[in-house]
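Consider the model shown below, and follow it from a single side chain outward to the packing of its helices.

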Amino acid sequence: MSFESVESLKSRLPDYARDLKLNLDSAIGASDLPVQRLWGTVLSTAIASRSAVVLRELAPEAKAVLSPEAYRAAKTTASVMALNNVFFRTRHLLSDKEYGDLRAGLRMNVLGNPGVDRVDFEFWAFAVSAVNGCGLCLDAHESVLRRAGVEREVVQEAFKIASVIQAVATILDAEAALADIEGLGDIEGLGDFGE
């Protein structure tokens with residue numbers, strides 16, 4: 001299936017990122033995931049990528065194919081995981097494991113009622129945790145997905161999508177910065193970055 005936003009992102013990618021173009025097609029365009037699971041993952045990881053360019057391209061299509069509840073839930077998932085991934089990653093990385101016994105004292109009410117099917121929410125949370133690099137959260141959400149009967153090959157689709165969206169965001173943002181630098185030419189102290 002061809003998606004307009006995916007085609008637009010592909011057209012923005014430089015020639016050296018040909019593999020990313022192909023991976024956008026395989027991770028999103030050729031995905032066998034149900035539409036809600038796929039586009040909730042796309043939206044939540046686009047938010048997590050912190051790339052305005054990627055989000056501007058993907059969010060309108062996500063909004064068009066998701067129900068209003070699922071669209072909101074995907075954004076909510078990105079929000080709560082932005083908090084959880086930093087908090088729990090830090091707890092996990094600290095040598096003093098007694099921090100794990102302390103009450104978090106953070107609001108995470110959405111975990112009790114995410115507004116969509118629990119498996120979709122866990123899938124999105126897992127994908128966002130991949131972008132944000134929280135091993136503790138990855139393990140927790142993967143465990144819930146596996147207990148719910150989601151096969152490893154399907155779970156892998158979450159971090160495949162996350163990887164592709166993060167890579168596309170990185171390259172598009174880098175190209176924008178390089179264009180700014182190259183546009184400066186030979187301003188004193190910067191040298192000639194255009195060559």
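Aspartate 120 is found in helix α6, where helices are DSSP runs of H or I with at least four residues, numbered from the N terminus. The model is a predicted one, in which local features need pLDDT of at least 70 and side-chain atom pairs count only at pLDDT 80 or more, while totals for chains, interfaces and linings use all residues. Residues are numbered from 1 along each chain as its sequence is written, and side-chain values use heavy atoms, with hydrogens and water left out.

Because its relative accessibility is 7%, aspartate 120 counts as buried (under 20% relative accessible area, 1.4 Å probe, protein chains only). Leaving aside residues up to four places away in sequence, aspartate 120 touches Gln36 and Arg37, contact meaning heavy atoms within 4.5 Å.

The largest nonpolar core (buried Ala, Val, Leu, Ile, Met, Phe, Trp, Tyr and Cys residues joined through side-chain atoms within 4.5 Å) has 53 residues, of which Ile28, Trp39, Val54 and Val168 touch the most other members. Among the helices that each supply at least two residues of this core are α1 (4-12), α3 (35-48) and α8 (152-184), and the largest share, 10 residues, comes from α8. Tryptophan 39, not counting residues up to four places away in sequence, touches Phe3, Ser5, Ile28, Leu58, Glu61, Ala62, Val65 and Leu66.

A further contact joins α5 and α7, and it is made by Met81, Asn84, Asn85, Phe88 and His92 of α5 and Leu136, Cys137 and His141 of α7.

Methods
Buried < 20%, exposed > 50% of the residue type's maximum accessible area, 1.4 Å probe, protein only.
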